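Reader: I have a sequence and a 3D structure open. Can you walk me through them?

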Amino acid sequence: MTASTEVAPAARARPRRSLPPGLLGGLLVLPASAWYLILLVAPLVIVVVMSFGTKSKFGGYEPAFILDNYAQALDPSRISPFVTSLIMAVAGTILCLLAALPIAYFIATRGGRHKSLLILLLIVPFWTSFLIRTYAWLTILGPDGLAGFIGGITGDSSFRILGTPFAVLLGVVYAYLPLMVFPIYVTMERMDRTLIEASKDLGAGRWATFRQITLPITATGLITGSILVFIPLMGEYVVPAILGYGRVFLIGNQLVLQFLESRNWPEGAARAVVLIVIMLVTVVFYVWFVNRGQRTREVSVL
Amino acid sequence: MTAPATPVTRSDVIPNVDVAPGRAKPRGRTWDRLVEGWLRGHTLLIYLFLYFPIVVVVAFSFNATSRRVTQWEGFSLRWYQSVLQDSVIQGALANSFRVALTTAILATLFGTMAALGLQRTPRWFRSIFEALTFVSIIVPEIVIALSTLVFYSTSFDVAHELFGVRFKLGYETIIAAHALFNISLVMLLVRARLSGMDRTHVEASFDLYGTPWRTFWQITFPQLLPAIVAGFLLSFTFSFDDYVITYFVSGAGTTTLPLYVFSTIRKGVTPATNAIAAVMLLITLTVLLVGQFLVWRNARRAGQRGAQASVAGMIAESG
């Protein structure tokens with residue numbers, strides 16, 4: 001640990017009676033390490049092992065080494081929840097991006113003294129209950145709300161929004177939008193303003209400056225935001241369950257069904273592993289993108 | 001200033017800027033004004049979009065109607081009365097508080113300890129630890145939830161076979177599962193604060209023969225406090241609000257408020273559900289405001305200003 005620049009001063013000017021720094025550090029990280037080992041590593045390992053096993057007669061698990069569960073999970077006729085999830089996650093991420101970019105730009109460049117307040121106003125809804133925020137759309141989109149209104153205009157009394165992919169998409173954009181705004185805002189806020197002035201001095205128009213200066217520099221923020229939104233979207237359960245009435249069937253819904261209702265754990269485990277692999281591929285791409293050529297400053301995923 | 005005399009630096013960042021020398025002034029100004037207007041309008045719309053649903057829920061929770069939720073029949077607190085007197089809801093609320101408070105205490109303690117301890121561990125250990133933190137945050141909640149359930153179920157079976165004891169899902173299993181994500185969160189917040197900390201005070205303290213223990217409590221801890229408070233509050237609200245993990249690992253009699261609300265949502269929107277929703281919003285908002293106040297007071301004493309002095313700033317910065 002001597003090679004590290006992060007060595008605390010406590011390790012340097014150490015008076016008598018104190019613990020050796022290595023031991024003290026070990027003791028301090030012990031509870032968190034135990035948590036990681038027992039409640040993160042062990043469960044994930046068990047799920048991977050289980051995904052190769054078979055279902056026993058009582059709905060439990062029997063050890064085996066077969067690939068049937070993966071064949072089931074990736075069977076073209078049963079892959080639709082994956083496809084739907086992927087489409088929803090990509091569409092949701094793009095919508096969040098389109099909604100977040102102007103507002104992050106506005107706060108970073110026009111916020112002035114009110115920057116902190118404007119950010120706080122974004123955090124408040126994000127901080128309040130996810131479940132309640134999703135629930136709130138039931139009234140707004142329901143037959144007494146927007147759906148009834150549109151139905152009244154078009155004369156189609158059976159017009160519904162709830163239970164459609166549109167309702168789910170709206171719900172996820174609403175839920176995860178702040179996660180997109182924060183990283184974009186942070187990169188724009190830290191951006192070297194003189195570059196913009198230089199661009200303007202050189203006669204570049206507003207759009208040219210935005211496209212050629214602001215956008216490339218904030219690319220890291222855009223990608224970070226997209227990852228932060230894409231990952232929870234892929235595994236979303238609450239929004240499709242509430243606003244989709246279970247008719248918009250995503251991987252999340254399928255996993256709940258397999259683990260808690262039909263109790264087919266090995267097959268569910270295989271689906272979970274596929275989901276994790278999708279996440280890993282996305283994140284590896286992200287890390288590669290952020291570190292490529294070390295041109296852009298690294299912004300951590302959280 | 002002649003153009004060739006000022007070569008474009010950082011040409012790797014700025015690939016040949018479009019030069020528009022013939023830009024007509026009046027047209028440019030109208031265009032500028034349009035863009036300004038659009039930026040403002042878009043921002044305003046997003047804020048409305050974010051707050052409108054919350055306002056709707058709170059507003060209709062005061063509706064006196066007992067039939068259709070959206071048919072306004074006058075202001076009334078009757079739904080709050082009936083909700084707060086309902087023993088099932090009281091029980092769920094108490095369960096939620098119990099789980100969230102224990103989770104937040106555990107996560108804050110262990111997360112802060114880990115952040116401090118990691119500075120003193122070998123590099124290989126730190127890399128593994130950081131990788132696991134990353135994993136705990138990027139794996140979707142539903143995967144964490146189902147793998148935790150599988151783990152509990154498997155290890156309970158093993159414990160039964162080996163020792164003959166029967167463990168059951170309950171408070172402990174919920175709290176342990178909630179703590180995982182929140183330990184990572186607190187650790188990241190505290191580490192971010194540690195890395196940005198002013199070392200001169202610590203060094204001054206050692207020069208003045210302060211013991212590590214006293215230096216920690218008098219110098220380091222006060223500087224870390226905003227991050228620790230933010231971590232505690234975030235953990236509390238995340239745990240208080242959690243549905244997915246709790247749904248998987250809760251047992252009989254440990255229904256939390258989100259589980260209760262979810263089950264009533266399935267039966268449709270009622271003014272009573274709106275009232276519970278408003279109560280939940282109130283609780284999380286109070287937690288946020290209290291935290292904001294604590295951090296702000298601490299920052300004022302320490303003489304800090306700006307974004308750093310707010311929970312909001314902390315979250316946005318680490319986001």
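Author: Start with one residue, and keep in mind that this model is predicted. A:Ala269 has a relative accessibility of 0%, so A:Ala269 counts as buried.

Reader: Which helix holds A:Ala269?

Author: Look at residues 265–291 of chain A. They form one helix, and A:Ala269 has its place there. That helix is α14.

Reader: What is the separation between the C-alpha atoms of A:Ala269 and A:Val49?

Author: Along the chain, A:Ala269 and A:Val49 are 220 residues apart. In space, take their C-alpha atoms. The separation is 8.6 Å.

Reader: Which residues is A:Ala269 in contact with, leaving aside neighbours within four places in sequence?

Author: Set those sequence neighbours aside. The contacts of A:Ala269 are then A:Val47, A:Met50, A:Ser51 and A:Phe259.

Reader: Is A:Ser51 buried or exposed?

Author: A:Ser51 is in the loop between α2 (21–50) and β1 (54–55) of chain A. Buried means under 20% relative accessible area. The relative accessible area of A:Ser51 is 0%, so A:Ser51 is buried.

Reader: Which backbone oxygen does the side chain of A:Ser51 reach?

Author: Follow the side chain of A:Ser51 over 2.6 Å. At that distance is the backbone oxygen of A:Val48.

Reader: Why does the span of helix α8 of chain A agree with its number of residues?

Author: Helix α8 covers residues 165–190, which is 26 residues. At 1.5 Å a residue, they should span 38 Å. The end C-alpha atoms agree with that, because they are 37 Å apart.

Reader: Where does α8(A) bend?

Author: The bend is about 45°. A proline, A:Pro178, follows within four residues of the bend. The bend is at A:Tyr176.

Reader: How many residues of α8(A) are buried?

Author: α8(A) has 26 residues. The helix is mostly covered. The buried count is 22.

Reader: How many residues does the largest nonpolar core have, and which have the most contacts inside it?

Author: The largest nonpolar core has 183 residues. Its largest share, 18 residues, comes from α8(A). The residues with the most contacts inside the core are A:Leu122, A:Tyr237, B:Ile142 and B:Phe248.

Reader: Which residues of chain A does B:Phe248 touch?

Author: Leave out residues up to four places away in sequence. In chain B, B:Phe248 touches residues including B:Ile142 and B:Leu169. In chain A, B:Phe248 touches A:Val256, A:Phe259 and A:Leu260.

Reader: How many helices are there in chain B?

Author: Chain B has 319 residues, and 50% of them count as buried. The strand count is 0. The helix count is 12.

How values were computed. Residues numbered from 1 in each chain as written. Chains lettered and ligands numbered in written order. Predicted model: local features only at pLDDT ≥ 70, side-chain atom pairs only at ≥ 80, totals over all residues. Heavy atoms only, no water. Helix = DSSP H or I, 4+ residues; strand = E, 2+ residues; numbered from the N terminus. Expected span 1.5 Å × (residues − 1). Bend = angle between axes of the 7 residues up to and from the residue. Buried < 20%, exposed > 50% of the residue type's maximum accessible area, 1.4 Å probe, protein only. Core = buried A, V, L, I, M, F, W, Y, C linked by side-chain atoms within 4.5 Å. Contact = heavy atoms within 4.5 Å. Polar contact = N/O pair within 3.5 Å; in protein donor to acceptor, adjacent residues only side chain to side chain.
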